[in-house]
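User: I am new to this structure and would like a close look at a single part of it. Please take the salt bridges and describe them in one connected answer.

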Amino acid sequence: MTLTTPALLFPAISLLLLAYTNRFLVLAQLIRQLKQMDTEEDHALIARQISMLRKRILLTKRMQAYGVLSFFLCTMSMFVLFVGAELAGAIAFGISLILLSISLLYSLYEIVISTNAINVELESFEARKQGEAGKQE
């Protein structure tokens, strides 16, 4: 294994961490929007969203942590390979790949929850539209 093997993964992990940060910022924005939406008729919707948001924040924290650890070990792998310890470099790179895989699995689970949250919003929107249509008749 050469120094270029982990170096190929280096930019991909950086971009992945940037995407994770963007997901975190979106979650923060959604929480601020929910705070402004606090009315009597929206309590049920907000309660459903809060539990999903808490889970998504936890998952985002975990996927960022595993991504950062993967990035760190990828860096360490390159350093260890640079100083000539090929076996230690290969082991560090292998662990880096495992951590990256765990991070991606957390990301996949967060996407599933995010999709469920969107469906909750759609259900609420549809219920409001049906209620408005019923009042107009």
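Analyst: A salt bridge here is a side-chain nitrogen of Lys or Arg within 4 Å of a carboxyl oxygen of Asp or Glu. The model is predicted, with a mean pLDDT of 85 for the chain, and 92% of the residues reach 70 or more.

The structure holds two salt bridges. In one of them, the side chain of arginine 23 meets that of glutamate 110, at 2.6 Å from N to O. This pair links distant parts of the chain, since arginine 23 lies in helix 1 and glutamate 110 in helix 3 (residues 86-136), 87 residues apart.

Arginine 56 also forms a salt bridge with glutamate 110, and the closest N and O atoms are 2.7 Å apart. Here too distant parts of the chain are linked: arginine 56 belongs to helix 2 and glutamate 110 to helix 3, with their positions 54 residues apart. Arg23, Arg56 and Glu110 are thus joined in a network of salt bridges.

As for exposure, glutamate 110 has a relative accessible area of 0%, so it counts as buried. Arginine 56 is buried as well. Arginine 23 is partly exposed, because its relative accessible area is 27% and the partly exposed class runs between 20% and 50%.

The helices that carry the two arginines differ in confidence: among the elements of the chain, helix 1 (residues 4-36) has the lowest mean pLDDT, 83, and helix 2 the highest, 89.

Definitions and conventions:
Residues numbered from 1 in each chain as written. Predicted model: local features only at pLDDT ≥ 70, side-chain atom pairs only at ≥ 80, totals over all residues. Heavy atoms only, no water. pLDDT = per-residue confidence, 0-100. Helix = DSSP H or I, 4+ residues; strand = E, 2+ residues; numbered from the N terminus. Buried < 20%, exposed > 50% of the residue type's maximum accessible area, 1.4 Å probe, protein only.
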